[in-house]
Amino acid sequence: MKLLKRFTVKKNERGLLYAEGDFLAILEPGIHRHLDLYNRLSVETFSLNTPLFEHRLAGYLRQSEPVLVERYFTRMDLSENEAGLRFEDGVLAEILPPGSRRLYWKGQTEQRLERIDLSQDYRLAAPLLAQLSQPNLRGRSLAGLDAVLMAQVPAYQVGVLKVDGAVIELLPAGQYGFWRYNRQVSVELIDTRIQALEVSGQEILTRDKVSLRLNLAANWRYSDVLTAYSRLSKPLEHLYRELQFGLRAAVGTRSLDELLENKQLIDESVGAHLAERLAGTGIEVSGLGVRDIILPGEMKALLAQVVEAEKAAQANVIRRREETSATRSLLNTAKVMEENPTALRLKELETLERVAERIDRISVFGGLDQVLNGLVTLKQA
């Protein structure tokens with residue numbers, strides 16, 4: 001009896017029987033007794049709770065023991081152009097990559113393989129996409145999910161689908177899924193609404209060698225996304241550079257006085273430059289303008305002196321003009337009084353009225369004529 005060796009395989013297990021490390025048979029659940037005269041036999045057990053059979057003997061069993069493989073295992077072999085969906089008891093459990101060669105123990109869970117032909121389409125079918133769209137809400141984790149690119153395109157945006165670096169199509173708002181196997185797939189989200197672009201801190205010399213710092217703002221949008229990406233590798237960077245070039249051309253070819261007299265000149269010049277350079281690129285600039293023109297400190301002081309001198313000269317001219325006008329008015333008034341005694345009399349009464357307003361108390365002797373004759377003396381011509 002001591003020559004019989006006893007091996008026990010539990011109901012949720014399978015066993016591999018070895019003789020001096022060499023495979024002999026697969027043992028099913030139960031108690032197994034084998035004659036072992038020289039203590040050469042051993043058993044390796046596997047739990048069916050982990051159905052995947054990853055073992056050094058997997059290749060040997062496939063090659064030399066097809067009957068055993070057919071009886072005890074579910075084979076899942078994929079070509080280089082196939083992906084696999086592995087289901088356990090009808091529930092999707094894993095995404096298998098192309099070229100997979102796997103064995104799964106039979107007996108505890110039903111294993112099923114669904115093949116996906118990657119050479120036909122790189123999109124996920126709608127039912128599969130619905131299964132994979134919210135993996136965190138599933139009752140169990142899904143292995144191999146990194147093989148799928150999930151892309152959600154929000155409202156007011158489009159997605160630029162690129163496969164192996166080539167732009168394929170535009171994706172409207174929605175949920176999409178793509179196989180990553182055997183290709184490089186990416187989705188770039190593009191906002192189709194009007195956007196703002198700032199070109200700030202541009203140091204530019206004017207024609208008369210004055211350094212200016214300018215800030216430019218532009219409103220732009222994609223008029224044709226596919227055209228923009230087919231002609232330009234990086235549309236936004238291209239627009240930024242063209243704004244820079246247009247701004248430098250507008251400022252560098254004009255003097256400081258020209259720019260300060262008409263700031264709109266810069267906007268018009270940059271707008272004309274963009275209309276020429278962006279034609280047919282799928283980018284549209286709806287408005288632009290110079291936000292700030294910042295002068296060096298010493299130039300600010302000089303301009304302040306110039307403005308002060310100009311304003312002082314203007315004030316002097318206005319003051320001289322008013323004095324001349326007042327003198328001419330007095331001369332005209334004197335001529336009128338000289339030719340018209342009544343007007344002279346009215347002027348005398350007006351003068352008396354102004355004098356009386358400044359005096360609190362007046363004593364009059366000799367009547368009003370005496371007051372007039374005493375206060376106002378006119379020398380007869």
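## Glu-13 and its surroundings

In this predicted model, Glu-13 touches Pro-29, Thr-45, Phe-46, Ser-47 and Leu-48, leaving aside residues up to four places away in sequence. Glu-13 itself belongs to strand E2, which covers residues 13-19.

What is the nearest side chain of opposite charge to Glu-13? That side chain is Lys-10, at 4.8 Å. A salt bridge here requires a side-chain nitrogen of Lys or Arg within 4 Å of a carboxyl oxygen of Asp or Glu, so a separation of 4.8 Å does not qualify. Glu-13 is therefore a buried residue that has no salt bridge.

## The chain as a whole

Stepping back, the chain has 381 residues, and 34% of them are buried. Its secondary structure consists of ten helices and 18 strands.

Contacts that reach along the sequence are well represented: of those between residues at least 6 apart, 67% join residues at least 24 apart. As for the outside, the accessible surface of the chain is about 24000 Å², and carbon and sulfur atoms account for 50% of that area.

## Salt bridges

Side chains of opposite charge can pair when their charged atoms come close. The count for this model is 18 salt bridges. One of them links Arg-71 with Glu-28, where the closest N and O atoms are 2.8 Å apart. Arg-71 sits in helix H2 (residues 66-72), while Glu-28 sits in the loop between strand E3 (22-27) and strand E4 (30-35), so this pair ties together parts that are 43 residues apart in sequence. Which of these two partners counts as exposed, and which as partly exposed? Arg-71 is exposed, with a relative accessibility of 52%, and Glu-28 is partly exposed at 31%.

Lys-162 and Glu-188 make another salt bridge, with 3.6 Å between the closest N and O atoms. Here the partners come from two strands: Lys-162 from E12 (residues 157-163) and Glu-188 from E15 (residues 185-191), so the pair ties together parts that are 26 residues apart in sequence. Glu-188 counts as partly exposed, at 33% relative accessibility.

Glu-237 and Lys-234 also meet through their side chains, at 3.9 Å from N to O. Both partners can be placed by accessibility: Glu-237 is partly exposed with a relative accessible area of 40%, and Lys-234 is partly exposed at 48%. There is a network to look at as well: Arg-86, Glu-88, Glu-94 and Arg-102 are joined into one by salt bridges that share partners.

## Strands E16, E17 and E18

Now to some strand pairing. Strand E16 (residues 195-205) and strand E17 (residues 211-222) run antiparallel and are joined by nine bridges. Within this pair, Ala-196 stands opposite Asn-219 in E17. How many residues lie between the two strands of this hairpin? Five residues separate E16 from E17, and Lys-209 in the turn has a positive phi of about 65 degrees.

E17 also pairs with strand E18 (residues 283-294), again in the antiparallel sense, over ten bridges. In this pairing, Arg-213 is found opposite Ile-294 in E18. E17 thus has E16 as one antiparallel partner and E18 as another. If you are following side chains along these strands, a general point may help: in a regular strand the side chains alternate between the two faces of the sheet.

Technical notes: Residues are numbered from 1 along each chain as its sequence is written. This is a predicted model: local features need pLDDT of at least 70, side-chain atom pairs count only at pLDDT 80 or more; totals for chains, interfaces and linings use all residues. Side-chain values use heavy atoms; hydrogens and water are left out. Helices (H or I, at least four residues) and strands (E, at least two) are DSSP runs, numbered from the N terminus. Buried means under 20% relative accessible area, exposed over 50%, partly exposed in between (1.4 Å probe, protein chains only). Contact means heavy atoms within 4.5 Å. Accessible areas come from the Shrake-Rupley method with a 1.4 Å probe; for residues, only the protein chains shown count as cover. Lys and Arg count as positive and Asp and Glu as negative; His and the chain ends are not counted. Two strands pair if DSSP finds at least two bridges between them.
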